[in-house]
Structures are given as C-alpha cells and as structure tokens.
Amino acid sequence: MKCSMLSARCAKRLGFSLAEVVIALGVIAIAVVAILALFPAALQTGHSAQDETRAAQIAQTIFPSLAGQAVSQFNNVQFRLADGTPVSINLTVSSSPNTPTFYAENDGKLTQDATRAVYAIFIYTNNSVPGFTDLANANLVTLRVAWPANAPAANQTYRDYVRIISKY
C-alpha cells in the first residue's frame with residue numbers, strides 16, 4: 001500500500017513520537033550543560049596562565065637592570081619604575097622585606113601605587129652565596145612576584161626567581 005501525503009495513517013508513520021522528541025531534547029540538554037560547565041574551568045586556567053607568564057616577564061625586566069649595574073654600583077643598584085621613580089637596592093647586604101618593594105600593574109608596568117597593582121614584588125638579598133669566597137662582591141637575589149597584590153600573604157600565589165649577581 002502506497003501512502004499519500006494526506007492520509008492520517010501515513011502521517012503517523014512518517015513523524016516522530018512525543019517520547020522520541022523528549023529523549024532527543026534531554027540528550028541535547030545534557031550535552032549543552034556539560035559544555036557550559038567547562039567554561040569556568042577554562043577561564044580560570046587562562047587567567048592562571050596569564051599570571052604565570054606576567055610574573056616571569058616582570059622578573060625578566062628587573063634582573064638585567066640589577067646585573068647590568070652591579071659591576072659599577074654594587075652597593076646602590078638602581079632601576080626606574082614606569083613613572084621614573086628610582087628604586088635602589090644594596091647588593092652588599094642581606095635583606096628580607098616585610099612589605100613589597102614595589103608593585104606591577106596588569107600590563108607589567110612597575111609602580112609604587114598599590115591601589116592599581118595586580119602583582120606585589122619583593123626583592124630578597126643574601127650576601128652569603130655558597131661557593132663565593134669574596135662575599136662582598138656577590139649576592140643571591142630572590143625576586144618574588146605575588147598576586148593578587150593586595151591580598152593577605154596566605155591568599156596569594158607567588159613565584160620566586162633566583163639569580164646570583166656578582167660584581168665581576
């Protein structure tokens with residue numbers, strides 16, 4: 001028997017039942033919810049990757065300035081912040097700062113303004129460098145980049161970058 005388009009009997013055979021439609025919509029809904037659940041994790045991972053990259057960039061900005069001036073100004077190495085303010089570091093002593101030495105904004109610009117800062121930067125110096133006999137001319141410099149800048153220390157994520165800077 002050949003069905004004509006106007007036949008009600010044939011229309012039942014050609015269409016989907018209500019149960020099939022509900023099951024299909026349920027499967028689609030579960031798939032969409034699963035995909036949407038991935039977005040917060042992906043956003044958090046992307047943000048963490050940005051912070052890690054920016055921290056390394058900040059360290060790569062500071063260390064060459066310290067090392068480049070150490071030859072001539074070991075007790076008064078200076079580098080400038082984005083606004084031109086000089087920051088001075090004495091590499092002949094050991095120090096462990098309790099407060100940030102300075103800050104960095106989200107674009108990596110160094111600043112002393114804590115209100116707009118995203119990263120807090122601490123510079124630790126240790127003039128007892130293993131393997132160096134002339135301790136007055138070498139310093140183990142640890143640059144700690146912590147974020148978020150204005151959070152309590154227990155709630156910050158940080159990365160330490162260490163380099164031996166010598167006068168020679």
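Student: Let's start with D83: is this residue buried, partly exposed or exposed?
Tutor: This is a predicted model, and here D83 has a relative accessible area of 55%. The cut-off for the top class is over 50%. Because 55% passes that cut-off, D83 counts as exposed.

Student: Thanks! In which loop is D83 found?
Tutor: Two strands frame this residue: β1 covers 77-80 and β2 covers 86-89. D83 is found in the loop between β1 and β2.

Student: How far apart in space are the C-alpha atoms of D83 and T111?
Tutor: Along the chain, D83 and T111 are 28 residues apart. In space, the separation of their C-alpha atoms is 7.1 Å.

Student: Good, now the salt bridges: how many are there?
Tutor: The rule asks for a side-chain nitrogen of Lys or Arg within 4 Å of a carboxyl oxygen of Asp or Glu. By this rule the count of salt bridges is 4.

Student: Which residue forms a salt bridge with R159?
Tutor: The side chain of R159, which sits in strand β7, meets a partner in helix α2, 107 residues apart from it. The N to O distance for this pair is 2.8 Å. The pair links distant parts of the chain, and the partner of R159 is E52.

Student: Into which accessibility class do R159 and E52 fall?
Tutor: The relative accessible area of R159 is 34%, and that of E52 is 29%. The class between buried and exposed runs from 20% to 50%. Because 34% lies in that range, R159 belongs there, and 29% puts E52 there too. So R159 and E52 are each partly exposed.

Student: What about E105 and R116: how many residues apart in sequence are the parts that this pair ties together?
Tutor: The two side chains meet in a salt bridge at 3.5 Å, N to O. E105 lies in the loop between β3 (102-104) and β4 (110-111), while R116 lies in the loop between β4 and β5. The bridge therefore ties together parts whose separation in sequence is 11 residues.

Student: Of E105 and R116, which one is buried?
Tutor: R116 has a relative accessible area of 55%, so it is exposed. The other residue has 13%, and buried means under 20%. The buried one is therefore E105.

Student: How far apart are the closest N and O atoms in the salt bridge between K109 and D107?
Tutor: K109 is partly exposed at 47% relative accessibility, and D107 is partly exposed at 38%. Their salt bridge has to satisfy the 4 Å limit. The closest N and O atoms are separated by 3.9 Å.

Student: Let's look at the largest pocket: which element gives the largest share of its lining?
Tutor: The pocket has a volume of about 160 Å³. Of the 14 residues that line it, the closest to its centre are F122, A146, A151, A153 and Q156. The elements giving two or more residues to the lining are β5 (119-126) and β6 (138-147). The largest share, 3 residues, comes from β5.

Student: And how many residues of that lining are nonpolar?
Tutor: The lining of the largest pocket includes 2 polar residues and 1 charged residue. The number of nonpolar residues in this lining is 11.

Student: What is omega for the cis peptide bond between W147 and P148?
Tutor: P148 lies in the loop between β6 and β7 (157-166). The bond that joins W147 and P148 is cis, and its omega is about -10°.

Student: Last one: what accessible area does the nonpolar surface patch with V21 have together?
Tutor: V21 lies in helix α2 (residues 18-70) and is partly exposed at 37%. The patch is formed by F16, V21, L25, I28, V32, I35, L36 and F39. Together, their accessible area is about 840 Å².

Terms used: Residues numbered from 1 in each chain as written. Predicted model: local features only at pLDDT ≥ 70, side-chain atom pairs only at ≥ 80, totals over all residues. Heavy atoms only, no water. Patch = residues over 30% accessible without salt bridge, like charges linked within 9 Å, V, L, I, M, F, W, Y side chains within 5 Å. Areas by Shrake-Rupley, 256 points an atom, 1.4 Å probe, with all protein chains shown as cover. Helix = DSSP H or I, 4+ residues; strand = E, 2+ residues; numbered from the N terminus. Buried < 20%, exposed > 50% of the residue type's maximum accessible area, 1.4 Å probe, protein only. 1 Å grid on protein atoms, 1.4 Å probe; cavity = no way out; pocket = protein on both sides within 12 Å on 5 of 7 lines; lining within 4 Å. Points joined across faces, edges and corners; volume = space filled by probe spheres on them. Nonpolar A, V, L, I, M, F, W, Y, C, P; charged D, E, K, R; others polar.
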